[in-house]
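Please open the model in the viewer and keep the selection panel at hand. The tour moves from one selection to the next.

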Amino acid sequence: MSDIITIADEATLAEAVTAALRENTTLDIVGRGSKRGLGRPSQTDRTLDVSGLSGVMLYEPEELILSAKAGTPMAEIETLLAERGQMLAFEPMDYGPLLGGAPGAGSIGGVFACNLSGPRRISHGAARDHALGARAVSGRGEVFKSGGRVVKNVTGYDLPRLLAGSYGTLGVLSEVTLKVLPRPATQETVILPGVTPETAGRAMSAAMGSSCEISGAAFLPAGIGARIPALDVDGPVVVLRLEGVAPSVRARRAMLISVLMPFGAVEAIDDEPSLALWAAIRDVQPFAGTGDRAVWRLSTAPAGGPLLAAKLAADLGAEAFCDWAGGLIWLLLPGEAAMGDQVRATLAPFGGHATLVRGTLAERIGTPVFQPLESALGALTARVKHSFDPNGLLNPGRMYAGV
């Protein structure tokens with residue numbers, strides 16, 4: 001069992017990393033624990049618990065800026081923003097239920113370190129696209145910061161974008177500053193039922209290519225929609241979200257219906273069920289509560305996503321659905337076996353990458369969790385890791401063996 005080091009402030013954090021450097025001990029970086037099942041299994045000497053780094057440091061609603069310590073619970077931030085009619089526009093998913101944990105248990109640092117985003121990724125980008133600044137401690141024990149607390153700044157290198165998605169392997173976040181946006185006044189979801197995967201791909205492409213300003217586009221094959229109470233549809237369905245002020249939503253709904261007419265009859269659901277529907281898609285609710293069955297997350301070209309999802313399901317006896325207008329595929333395999341070679345071989349002709357999101361300890365040890373890197377990119381990744389963490393103290397091997 002690793003020793004647990006509890007961190008209360010940034011100075012203590014720097015001291016803990018410096019001590020690990022001096023003693024040549026490796027550190028498993030943990031916030032609130034909701035994402036510990038992501039990545040390769042930890043093989044470290046100590047656990048660095050940064051959940052004590054908590055609290056909103058700055059919130060200026062008029063300037064659309066929020067700064068918070070890395071361990072601040074997401075639930076606290078979302079409540080604060082909701083009170084002022086604002087939101088994190090990248091709509092970060094909650095991994096807790098999918099990984100067998102409690103909902104709403106994550107931290108802002110974990111969201112940023114994993115570069116999370118939800119269905120609104122297609123219109124607003126991921127966490128790194130909303131980063132204004134960050135403070136962190138490198139594997140050298142040095143406190144560093146990048147960016148600032150204004151929307152437009154040229155303070156140093158754009159290190160926040162590099163830290164986002166690094167899974168704590170380059171530095172231990174102590175504080176992040178993010179751009180926030182007004183929450184849409186209302187939303188509706190337009191539903192196109194009874195479509196084949198090929199038709200679904202064409203319909204979503206047509207919708208995204210229109211001027212309807214779609215903020216969510218997903219394809220749910222037969223059986224998936226029935227697991228979402230807000231939808232409760234047995235057959236295959238395309239769902240498309242519209243957000244904004246009510247007159248604009250109504251006008252764009254009429255425009256979208258005309259765009260979708262060549263593909264079939266459409267329906268619509270209003271604000272409350274629409275909110276519940278997209279929360280379920282965001283958090284992969286149809287695959288939660290399915291035990292230790294392996295779950296993959298695949299990114300590919302949107303146009304081919306529904307066809308790829310159908311092929312994976314047929315070839316592997318799996319279940320799959322698409323988000324991001326087909327660019328993101330969630331895949332639930334029939335058992336604990338990750339089938340990494342088969343998944344990536346099926347993906348290869350379509351292009352993209354595959355990440356094992358949920359797997360048993362044995363599968364996460366025996367399967368490359370993240371897409372294997374080409375030699376040049378692998379060498380670059382190793383050099384970047386070495387520049388921030390030359391002794392390999394921080395989450396060693398969390399993403400790639402030996403890095």
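In this predicted model, begin by selecting arginine 183 together with Glu78, Ala82, Gly85, Gln86 and Met87; these are the residues that arginine 183 contacts once its neighbours within four places in sequence are set aside. Next, show the backbone around arginine 183: the residue belongs to the loop that joins strand 10 (181-182) to strand 11 (186-193).

Is arginine 183 buried or exposed? Its relative accessibility is 40%, and because buried means under 20% and exposed means over 50%, arginine 183 is classed as partly exposed.

Now add threonine 346 to the selection and draw a C-alpha to C-alpha distance from arginine 183. The two residues are separated by 39 Å in space and by 163 residues in sequence.

Turn next to the open sheet of three strands, where the pairing is parallel and the order is 1-3-2. Select strand 1 (3-6) and strand 2 (27-30): each has a single partner strand and stands at an edge, so one side of each has no neighbour in the sheet. On average, neighbouring strands of this sheet are turned by 25° against each other, direction ignored.

Within this sheet, select strand 3 (residues 46-49), which pairs with strand 1 in the parallel sense over four bridges. For a view of one residue pair, pick threonine 6 and its bridge partner in strand 3, aspartate 49.

Finally, select helix 1 (residues 10-23). Helix 1 lies across strand 1, strand 2 and strand 3, and runs at about 165° to strand 3.

Definitions and conventions
Residues are numbered from 1 along each chain as its sequence is written. This is a predicted model: local features need pLDDT of at least 70, side-chain atom pairs count only at pLDDT 80 or more; totals for chains, interfaces and linings use all residues. Side-chain values use heavy atoms; hydrogens and water are left out. Two strands pair if DSSP finds at least two bridges between them. Helices (H or I, at least four residues) and strands (E, at least two) are DSSP runs, numbered from the N terminus. Axes are lines fitted to C-alpha atoms, for helices over the stretch in contact, and angles run from 0 to 180 degrees between N-to-C directions. Contact means heavy atoms within 4.5 Å. Buried means under 20% relative accessible area, exposed over 50%, partly exposed in between (1.4 Å probe, protein chains only).
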